[in-house]
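Welcome, and please open the model in your viewer. We will go from one selection to the next, with a short look at each stop.

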Amino acid sequence: MFWSQYAEAGHPVPLSDQLKQLVELHKAAEQAIIETLLGAYPGHGILGEEFGSERLDAECVWVLDPIDGTLNYVATHRDWAISLALVDDGAPTVAVLADPVAGRLYTAIRGRGAWVQPLLAGAAGTDDRAARAAGLGRHGRRRHGAARAG
């Protein structure tokens with residue numbers, strides 16, 4: 001439930017409590033994304049907003065912001081998203097932006113194009129087209145003979 005709904009019901013939530021809840025939500029979302037990514041791609045690095053970085057010297061590094069547009073999220077405006085990008089050997093290769101409010105998923109692969117499609121509930125982790133298109137096989141290892149995007 002958004003905080004404004006509490007306020008509309010006559011139960012205002014102090015700003016300090018809103019910010020505390022938001023930081024907790026932000027950390028929990030980032031941790032869940034990191035665990036999912038490192039479970040699928042254990043040799044990759046991570047650059048996150050809340051937990052900092054891990055293995056930035058890895059060939060592939062994920063850059064993430066689990067609530068991109070935090071102030072809009074707090075104000076319940078629609079302009080926030082979940083942002084994720086894959087940097088391969090220093091070059092941005094794959095980008096994903098999930099807009100849960102609009103129900104859209106934006107994806108882009110360097111040198112191949114960008115797409116928008118419906119964001120489906122429960123679909124996380126079920127489609128590895130972006131990884132395959134970027135030349136990554138199981139656990140993020142470059143497939144034999146796969147060309148780098150770009």
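In which strand does Asp-65 lie? Select residues 60-68 and you have the answer: this is strand 3, and Asp-65 is part of it. Keep in mind throughout that you are looking at a predicted model.

**The whole chain**

Before staying with that residue, zoom out and colour by secondary structure. The protein chain has four helices and seven strands. Starting at the N terminus, you will pass the elements in the order α-α-β-β-β-α-β-β-β-β-α. The chain counts 150 residues, and 31% of them are buried. If you switch on the surface, about 9,100 Å² is exposed, with carbon and sulfur atoms supplying 57% of that area.

**The sheet**

Now show just the strands. All seven form an open sheet with mixed pairing, and their order across it is 2-1-3-4-5-6-7. At the edges are strand 2, residues 53-54, and strand 7, residues 113-118, each of which pairs on one side only. Select residues 104-109 next: this is strand 6, which pairs with strand 7 in the antiparallel sense over six bridges. To see one partnership up close, pick Ile-109 and look across to its bridge partner in strand 7, Gly-113.

**Back to Asp-65**

Return to strand 3 and centre the view on Asp-65. Is this residue buried or exposed? Asp-65 is buried, yet it has no salt bridge. Lys-27 has the nearest side chain of opposite charge, and that is 13 Å away. Instead, follow the Asp-65 side chain to the backbone nitrogen of Ile-67, which it reaches at 3.3 Å. Then display the residues that Asp-65 touches beyond four places away in sequence: His-26, Glu-49, Ala-81, Ile-82 and Ser-83.

**Two loop residues**

Our last stops are in loops. Select Arg-55, between strand 2 and strand 3. Its phi is near 55°, a positive value in a residue that is not glycine. Arg-55 counts as partly exposed because its relative accessibility is 36%.

Move on to the loop between strand 4 (81-88) and strand 5 (91-99), where you will find Asp-89. What is the phi of Asp-89? It is about 50°, again positive although Asp-89 is not a glycine. With a relative accessible area of 54%, Asp-89 is exposed, since the exposed class begins over 50%.

Notes:
Residues are numbered from 1 along each chain as its sequence is written. This is a predicted model: local features need pLDDT of at least 70, side-chain atom pairs count only at pLDDT 80 or more; totals for chains, interfaces and linings use all residues. Side-chain values use heavy atoms; hydrogens and water are left out. Two strands pair if DSSP finds at least two bridges between them. Buried means under 20% relative accessible area, exposed over 50%, partly exposed in between (1.4 Å probe, protein chains only). Lys and Arg count as positive and Asp and Glu as negative; His and the chain ends are not counted. A salt bridge is a side-chain nitrogen of Lys or Arg within 4 Å of a carboxyl oxygen of Asp or Glu. A polar contact is a pair of N or O atoms within 3.5 Å; within protein, one must be able to donate a hydrogen and the other to accept it, and residues adjacent in sequence count only if both atoms are side-chain atoms. Contact means heavy atoms within 4.5 Å. Accessible areas come from the Shrake-Rupley method with a 1.4 Å probe; for residues, only the protein chains shown count as cover.
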